[in-house]
Amino acid sequence: MITVLCGGVGAAKFLEGLIALDQSQEIVAITNVGDDDVMHGLYICPDLDTITYTLSGAVNHQTGWGLANESWRTMERLKGLGGKVWFQLGDLDLATHLFRSERLREGATLEQVTKEISDNAGLKLKLLPATNDKIRTKLELVHPSGETESTSFQEYFVKYQHKPIVKDVFYVGSKSASLSPSVIEALEESERIIIAPSNPILSIGPILAIPKIAETIARRRSDVVAISPIVDGKALKGPADKVLEAFGYPASALGVAQYYRDYISRLIIDQIDSNSIDQIESLGVRVVATNTIMTTIDSKISLAALALTSYER
Ligand code: FO1
Ligand code: CA
C-alpha cells in the first residue's frame, strides 16, 4: 500500500503516473478538504472532484477543474436572476454536487459518498477525504487598496483570483477533526507515504493541521517523501510561492524543505534547482533532483517511479 497526501491538480497528475506505474499496488489518496464549501446550498469538494475527474479522463484540461465539454446554462439563468456566479458550476458538474449533498443529508459520511462517486467513475485507487469532519481554510487578506478582509478559501482563490496578500491562514476545525478507520489504516500500514506536488500551506497544510495525522507522519518520517511544487522559485500552478513567502519561507525548493522538514526524509526537487541540494540536505532531508514537470504520461510515470525508489538513497 502507498499513501499519497493530496491537493488538487498537481496531486491528480502525480496519481495518474503512480497508477500507470504499477496496477497491482494499492494506492490511497488522502485528500485536502480545506477548500470545501457550500454554494447555493450544495456541498462542493474541489480537490476530491479534481482528482476524480482527472483520473477518469473527464477533467477540463484547460482549467484543471470541472468537466470537459461542459455547458453553463444554469449559471446563465442564475446570473439573469441576480444570483451569485463568481464560482462557476457547470451543468454536468452540478450533478456531482446535487448527488453528494443529498447523500450527506441522508446521513452518509463524506468518505462514503466519495467512494460512491469514485467507484462510479471507475477509479483504480482509494480516494479518501482527510477527515469526515469539517475543516475550512480561512485567510486573512490585505487587498491592493490596503483594506484587510477575512475570507473563505474560495473567496480568496476564485473571487479575488489569489491576488491579495495573505497575512494569515487558519484551518478552522482541524484540531478537533477525527480520522476514519481507513485513513488511520493508510497512514499506519502503507509502506511509503508521498506528499504530492501540491501547495504546501494551502493544500497539504490543512491535512497536516489534523494533530493525529501530523503525529503519524512525523513518526513515519523515514518513509515519507515529498515532491516540491516550486520550480525555479515559482509555483507550477496557483499562489504557493507567494504564500510560502508570506509565512517567512523562501519561495523555493529550500522553502518547501523547511516547511516539511519534520515530516519528510526525502524531497524530490526539479533538476533546475540542483544548486540548493546542499542547503536542503543540511536540514536532514535527502534530495533527489529530476524533471518534475508532468506534461506527458511518461514524465508522470518517471516521477512516480522516482518517488518510490528515492528511499534507496
Ligand atoms: N476555480 C476557479 O478559478 N473558478 C471557478 O469558477 C471554479 C469553480 C469550481 C467549481 C467546482 C469545483 O470543484 C472547482 C472549481 N474551481 C474553480 C476550482 C477550485 O476553486 C479549486 O479549489 C482551486 O482550483 C484550488 O485548488
Ligand atoms: Ca486545492
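How do the residues of the lining of the largest pocket divide into nonpolar, polar and charged? In this predicted model, that lining comprises 18 nonpolar, 14 polar and six charged residues. The pocket encloses about 850 Å³ of space. Its lining is made up of 38 residues, and those nearest the pocket centre are Gly8, Val9, Asp47, Phe157 and Lys237.

Several helices contribute to this lining. At least two residues each are supplied by helix 1 (9–21), helix 2, helix 4 (91–105), helix 6 and helix 8 (200–208). Among the contributors, helix 2 gives the most to the lining of the largest pocket, namely five residues.

The largest pocket is also the space taken by ligand 1. Two elements give two or more residues to the shell around the ligand: helix 2, spanning residues 46–55, and helix 6, spanning residues 153–159. Here the largest share belongs to helix 6, which provides four residues of the shell. Thirteen is the full number of residues around ligand 1, and Asp35, Trp65, Phe87, Gln88 and Gln154 come nearest. By residue class, the shell holds eight nonpolar, two polar and three charged residues.

Three of the nearest residues place side-chain N or O atoms opposite polar atoms of the ligand. In the side chain of Gln154, an N or O atom lies 2.6 Å from an oxygen atom of ligand 1. Asp35 likewise faces an oxygen atom of the ligand, with a polar side-chain atom at 3.2 Å. For Trp65, the partner is a nitrogen atom of ligand 1, which is 3.2 Å from an N or O atom of the Trp65 side chain. Taken alone, ligand 1 exposes 530 Å², and the protein buries 87% of that area.

Attention may now turn to the second largest pocket, whose volume is about 200 Å³. Of the 13 residues that line this pocket, Tyr53, Thr96, Ile117, Asn120 and Ala121 are the closest to its centre. Helix 2, helix 4 and helix 5 (110–120) are the elements that give two or more residues to this lining. The largest share, four residues, comes from helix 4. The lining of the second largest pocket consists of eight nonpolar residues, four polar residues and one charged residue.

Helix 2 and helix 4 thus recur in this description. Each supplies at least two residues of the lining of the largest pocket, and each gives two or more residues to the lining of the second largest pocket.

Note on methods:
Residues numbered from 1 in each chain as written. Chains lettered and ligands numbered in written order. Predicted model: local features only at pLDDT ≥ 70, side-chain atom pairs only at ≥ 80, totals over all residues. Heavy atoms only, no water. Near = heavy atom within 4 Å. Polar contact = N/O pair within 3.5 Å; in protein donor to acceptor, adjacent residues only side chain to side chain. Areas by Shrake-Rupley, 256 points an atom, 1.4 Å probe, with all protein chains shown as cover. 1 Å grid on protein atoms, 1.4 Å probe; cavity = no way out; pocket = protein on both sides within 12 Å on 5 of 7 lines; lining within 4 Å. Sits in = over half its atoms within 2 Å of the grid points. Nonpolar A, V, L, I, M, F, W, Y, C, P; charged D, E, K, R; others polar. Points joined across faces, edges and corners; volume = space filled by probe spheres on them.
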